[in-house]
Amino acid sequence: MAACAIRRGFLTTVSKYKKKHTHRILSIIEGSSGLQVKRPWLPCLACRLPNIQQTRFISSRNRPEGKVLETVGVFEALKQHGKYETGQLFLHSVFGYRGIVLFPWHARIYDRDVIPPVSDSKPEPPGSHGSKEVKGKTHTYYQVLIDTRDCPHISQRSQTEAVTFLANHDDSRALYAIPGLDYVSHEDILPYNSTEQVPIQHELFERFLMFNPDKTTPAPPFSARDTLKAWQEKNHPWLELSDVHRETTENIRVTVIPFYMGMRDAQNSHVYWWRYCIRLENMGSEVVQLRERHWRIFSLSGTLETVRGRGVVGREPVLSKEQPAFQYSSHVSLQAPSGHMWGTFRIERTDGSHFDVRIPPFSLESNKDEKVPPAGYTL
């Protein structure tokens, strides 16, 4: 099935391809905790990428002379069952960027909007913050590359550096960020094929993927290089997406994905680090604005920290029907190998009234076995 999509200016219109309503996201990375951000280095490999197949859907990019439409490719049928393979080209149904699948993850989604059967329901203890038992459901996410040509157009709405690592040396404040890597849910992928010899522009594209003319349709014509397989295997504990938490309050849905980053020694004690990605989505039609955040952070060491502040990442995003979503990433540290976080976002309506949106509780768990720091980096 071929279908057309037009990304005007800032890549905002692709969702009509889907039968169900999809959402666009504003995103930004929060440079919190005073960590120094650096770029990684990876060894280079060379390859050639011949043509793929015919094209048909259309893209728009900002240029000095104005908005220009250009051919990108042909939509393929959505996968209702199974997963997309390594090398699958796609448009992100929320962000609108071009990307390519590196490999899948199997995550457990803990959706607090799903009402459990009566037989499974248990009364909540007083002061439990709605801590009902939630059963996880397996869902497929993908590690992907973002086309660098699209990054300038989505940098205020979507994360272009969604993967961070602690550096492999004694400076516990050093943080490495890999640009143009993202985690994408299965339903966010709009698959397509392209005739371009290099359909995705990214510094890791030719190092991780190679053209395989022996692959038959409908399999994508790109295969994983040994470099990608080795990188995934060595960095598995730092890349792995295992749990996704979701909850909706008054039509505002909050999705949280935590990642363990590793441990550092500081002043004769261990400090454990996590990053977490948060997406806010306005599922209704009313225009609202995020005004404040309120976090509670509990550590296994017995400490309970409260954090309040204006907005998130220095912004107070408006969630409207035209721009219904916002996503950001941040980091947290504990002096214990585990803990958990929860909280609320204060949301303001156009009439000046407020309401609190719950941030679903999520665990901060460290890997049981300490692994070597991420591979493929030099200092």
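How many helices and strands does the protein have? In this predicted model, the count comes to four helices and 22 strands. A good way to get to know such a fold is to begin with the whole chain and then follow one strand and its partners.

Across the 379 residues of the protein, 52% are buried. The accessible surface amounts to about 18,100 Å², and carbon and sulfur atoms account for 49% of that area. Contacts along the chain can also be sorted by sequence separation. Taking those between residues at least 6 apart in sequence, 71% link residues that are at least 24 apart.

Strand β16 is a helpful place to look in detail. This strand spans residues 269-282, and 12 of its 14 residues are buried, leaving β16 mostly covered. One of its partners is strand β15, made up of residues 252-266. Strands β15 and β16 pair in the antiparallel sense, with 14 bridges between them. An example can be found by locating P258, whose bridge partner in β16 is Y276. The two strands form a hairpin with two residues between them. In this hairpin, Q267 adopts a positive phi near 55 degrees.

Which strand do 10 bridges join to β16? That partner is β20, covering residues 325-334, and the two strands run antiparallel. Here W273 offers a landmark for the eye, as its bridge partner in β20 is S333. Strand β16 thus has antiparallel pairings with both β15 and β20, and following these pairs in the structure above shows how the description fits together.

Technical notes: Residues numbered from 1 in each chain as written. Predicted model: local features only at pLDDT ≥ 70, side-chain atom pairs only at ≥ 80, totals over all residues. Heavy atoms only, no water. Buried < 20%, exposed > 50% of the residue type's maximum accessible area, 1.4 Å probe, protein only. Contact = heavy atoms within 4.5 Å. Areas by Shrake-Rupley, 256 points an atom, 1.4 Å probe, with all protein chains shown as cover. Pairing = 2+ DSSP bridges.
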